[in-house]
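Here is a short report on the side chains of one protein chain. Keep the sequence and the 3D view open while reading.

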Amino acid sequence: MGMEWQEVRSLYPNQFVKLQVLKSHLQGDQEIIEEVAVIGTVSDEDATRELLQSKGNQLVYHTSHNEIVLKVRGTIGLRGKFRYAD
């Protein structure tokens, strides 16, 4: 079941969560995440490892952020685009 980010923030205050992106849109070089499914919470110590192990439309993000906005960067010589949090 999908949720908006504000709902996730209220359910999981001030912590990292692993998410599946369900709906987003591009705006210039940014991807604005609109709807997510929570996979689970992630400890501060495990956040980097969990992020590196995330595949496809999964990401790890901290609920202290007001919104999820990712920079999209095209790559030379590789297929696809990389998404990364600021």
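## Lys23 and its partner

Lys23 is partly exposed, because its relative accessibility is 44% and that class lies between 20% and 50%. The model is predicted. Glu34 is also partly exposed, at 30% relative accessibility.

The side chains of Lys23 and Glu34 form a salt bridge, with N and O 3.8 Å apart. This pair links distant parts of the chain. Lys23 sits in strand β1 and Glu34 in strand β2 (residues 30–42), 11 residues apart.

## Asn57 across from Lys23

Where does Asn57 lie? Asn57 belongs to the loop between α2 (47–53) and β3 (58–62). The relative accessible area of Asn57 is 39%, so Asn57 counts as partly exposed.

Asn57 and Lys23 are separated by 34 residues in sequence. In space, their C-alpha atoms are 9.8 Å apart.

## Glu50 and the salt bridges

How many salt bridges are there? The count is 4. One of them joins Glu50 to Lys18, with the closest N and O atoms 3.0 Å apart. Glu50 lies in helix α2 and Lys18 in strand β1 (residues 16–27), so this salt bridge ties together parts that are 32 residues apart in sequence. Glu50 and Lys18 are both buried.

Glu50 also forms a salt bridge with Arg49, at 3.7 Å from N to O. Is Glu50 buried or exposed? Glu50 counts as buried because its relative accessibility is 19%, and the cut-off is under 20%. Arg49, by contrast, is partly exposed, with a relative accessible area of 39%.

A network of salt bridges links Lys18, Asp46, Arg49 and Glu50. Beyond neighbours within four places in sequence, Glu50 is in contact with Lys18, Val42 and Val60. Lys18 therefore appears twice around Glu50: as a salt-bridge partner and as a contact.

## The aromatic pair

What does a search of the whole structure find in the way of aromatic pairs? The search finds 1. The pair is Trp5 with Tyr61, their ring centres 5.7 Å apart. The ring planes meet at 75°, so the pair is edge-to-face; the cut-off for that class is over 60 degrees.

The two rings come from distant parts of the chain. Trp5 is in helix α1 (residues 5–11) and Tyr61 is in strand β3, 56 residues apart. Trp5 is buried, with a relative accessible area of 6%. Tyr61 is buried too, with a relative accessible area of 6%.

## The nonpolar core

Which residues make up the largest nonpolar core? The core has 12 residues in all: Met3, Trp5, Val8, Val17, Leu19, Val21, Ile33, Val36, Leu59, Tyr61, Ile68 and Leu70. At least two core residues come from each of α1, β1, β2 and β3. Strand β1 gives the most, with 3 residues.

Both rings of the aromatic pair, Trp5 and Tyr61, belong to this core.

## Leu19 and its contacts

Leu19 is one of the core residues. Setting aside residues up to four places away in sequence, Leu19 touches Trp5, Val8, Val36, Ala37, Val38, Ile39, Asn57, Gln58, Leu59, Tyr61 and Ile68. Among these contacts are Trp5 and Tyr61, the members of the edge-to-face pair. Asn57 is on the list as well; Asn57 is the loop residue between α2 and β3.

Note on methods:
Residues numbered from 1 in each chain as written. Predicted model: local features only at pLDDT ≥ 70, side-chain atom pairs only at ≥ 80, totals over all residues. Heavy atoms only, no water. Helix = DSSP H or I, 4+ residues; strand = E, 2+ residues; numbered from the N terminus. Buried < 20%, exposed > 50% of the residue type's maximum accessible area, 1.4 Å probe, protein only. Phe/Tyr/Trp six-rings, centres within 6.5 Å; stacked < 30°, edge-to-face > 60°. Contact = heavy atoms within 4.5 Å. Core = buried A, V, L, I, M, F, W, Y, C linked by side-chain atoms within 4.5 Å.
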